[in-house]
Each structure stands twice: as structure tokens, then as C-alpha cells.
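Subject: Structure for you to look at

Hello,

Here is the structure I promised to pass on. Please open it and keep it beside you while you read the notes.

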Amino acid sequence: MGAAFQQPQRFLIAAHEGDWGDDQATILAIVRRYFSDFNDNGFYPHPDETALQRELRAVPTLQRLSQLIGHAEARGLAITGLGLTGLGEAQRNAILYAIALCQGFPTSTDQRTHRVAWDIRARPESGQNSRYVTFSERVGNADMHTDSSFYPMPEEQFMLYVVSAAGCNGGETLLVDVDDIHAELQRSEAGRAAFALLCATPLPFRVPSVYAASDDGVEVHLAPVFQRHDGMLAMRWRHDSIVKGLAARPQHDTPAVRAALELLNEVIEFRAPRFCQQLPDDTLLWADNRHALHGRGVYTDPARHLIRIRISDLANAERVGPSGISAD
């Protein structure tokens, strides 16, 4: 099924202006003073992250990047030509961690390794057993979703850095504004009813196996799809996670819930306006994780490689649920 999409206005592309000068060396020196172990170049939320953040925010290039992101008034911003091509993995990820820390507080992706910088690329073992494989572990498309939808406190922001774009010309970055989804739902009586139900009904989101605390058992988190934060409509969405959650907790599975979810999924995947671009190598994408959904187009090139970092507005010590410092 095909669809013609309009281009949303809140997703922007800008070129990185100026060069880093000595700032990359300064950042690496600061980071090395705090981290004796880079955690296999994935880093982790540092116990003294507030002090580290204060030092990094004094670096001129990091200030300029933060101003660009903060003043864009966008729900997604792609910054091309970031200037990290040619750096080794440790140096590149250290600078990405520093950029993220200047926007908020990077969180650990999973409960086992506590990595902050997560590799999005196909893993040879993905799909070979009964694990609940997540989008970042396989080739193909990724349906529209919000990150950490299955955790108690989804991060407010995330970043993606393109190490290697797909050579097959697929794997486009997709972004959809939550307000556009809401507007589309309001066009019909069925849509308005689905919106009301999904605001009022907590549903089970199943945690993918790679992010779970262990391989034993099934982890789920109950939460509504739509909520308001500071007067703004926000979403928590991952269709496959909810479907698997309903299978694990069938007491929440009703015909009305199923109908509402299917209608919402159709609106998200086929009706709402979307940003669609294949981002080139050395591009940094910042996105609002509460007020925008993201996904990717189909691709087949297993060499496609991105780095993702999720960012909380709250320091990790204040968060509820999985993080690098405090946990349930």
C-alpha cells in the first residue's frame, strides 16, 4: 500500500558551519578526566555528570551546536557535515556523548551493559531464535515509534549520528509530528473515539529482549498511548511492543482496544504527513521523543551504521526505571 505524504514544517535540515579547531582535543581531554573506562566505547551515565556537563558546555563548538538545536523551534533537526568523519570509534563516540550531555543527560540503553552510545546496525544473530528482536538489530524498515516506550520514563530527546548510510539508497529517516497524528484522528468519529480510548486506557508495552534485565520471563510496562505534558500532547508508541504486550497480558486485550490501535497505526503509517530523507554520512539528527515519532524506510545493506543516544531532561539520579545510575 502506497501513500503520498506532505512535508511537515517542524523538521529541518541545517549544515554545520565553522570547524572544530582545537575543540575536539579539548572535549576528549575533559572526557578522559572523568572516564577511566569507556565501556567498550559505549560510555555510561557518569555519577558526576552534572559537573562534566558544566565543563563541556563551556566548549565553543558545543555551545554553537546547542544554540542551533535549542533555537530551531523544531521537533527534529538534521545537522549535516558534523565533522567527525575519520575519527576512531572511541574519539567519535566521546564527542557524540559530549554533544548529548550538553542537551540533557544521556541514559543507558539497556539494563545489562548500561551503554549510552548504541550501535544501530544489523546483527548476524538477529532473527535466528525466539528473542524479541528490536529495530536496531536488523535490516529492513522500522515502523514509526517513540524510543523507550516500554519504560516508565521515556527520554524527552534522542540523537542519531550517521556513520555509514545504506549503500542501497534505502533506510530513509522518517519523522511524524504528534500534532499531525492528532489532527488526522479528529477528522472522523472513529478517530475521535480511538483518541479518547487511548488517552484513558493504560496498555501493556513489552520490553524487547535486548533491553530486558534478563532472558528469563517477559517484562511489560503499563501506560496510555496519549498524555499531556505542560499542555502539549505527547505520545508513547510502538505498535509491535503493544501487540506483544497484549499477548502477554490478555486481560487488557479487548475488541475496542484492538480497533483503536489498528486505526491509529493506519493513521501513523499511511496518512499523517512525514519527513522522509536519506541522511548522508556524518549527519547528526536531534529529535523530540515526546512530540514526534520516528522510523526508517526499507534497506538491505548490512553495512548501514548509525549511533543512537537517548537524552533525559532529568539527571539520571532522579529518574525512575532503568538508567545508568539508579534503577527500580
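The notes below go from the whole protein to one helix and then to the cavities.

First, a caution: this is a predicted model.

Whole protein
The protein has 328 residues, and 55% of them count as buried. Its secondary structure comes to 8 helices and 15 strands. Take the contacts between residues at least 6 apart in sequence: 81% of these join residues at least 24 apart. The accessible surface is about 13,700 Å². Carbon and sulfur atoms account for 50% of that surface.

Helix α8
This helix covers residues 255-271, which is 17 residues. At 1.5 Å a residue it should span 24 Å. The end C-alpha atoms are 23 Å apart, so the model agrees with the expected span. Which residues of α8 are buried? They are Val257, Ala260, Leu261, Leu263, Leu264, Asn265, Val267, Ile268 and Glu269. When you look at that list, keep the general rule in mind: an α-helix has 3.6 residues a turn, so residues three or four places apart point the same way.

Cavities
The count is 2 cavities of 30 Å³ or more. The second largest has a volume of about 50 Å³. Its lining is made of Val162, Ala165, Ala166, Gly171, Thr173, Gln277, Gln278, Leu279, Arg304 and Leu306. By type, that lining divides into 5 nonpolar, 4 polar and 1 charged.

Best wishes

Technical notes. Residues numbered from 1 in each chain as written. Predicted model: local features only at pLDDT ≥ 70, side-chain atom pairs only at ≥ 80, totals over all residues. Heavy atoms only, no water. Helix = DSSP H or I, 4+ residues; strand = E, 2+ residues; numbered from the N terminus. Expected span 1.5 Å × (residues − 1). Buried < 20%, exposed > 50% of the residue type's maximum accessible area, 1.4 Å probe, protein only. 1 Å grid on protein atoms, 1.4 Å probe; cavity = no way out; pocket = protein on both sides within 12 Å on 5 of 7 lines; lining within 4 Å. Points joined across faces, edges and corners; volume = space filled by probe spheres on them. Nonpolar A, V, L, I, M, F, W, Y, C, P; charged D, E, K, R; others polar. Contact = heavy atoms within 4.5 Å. Areas by Shrake-Rupley, 256 points an atom, 1.4 Å probe, with all protein chains shown as cover.
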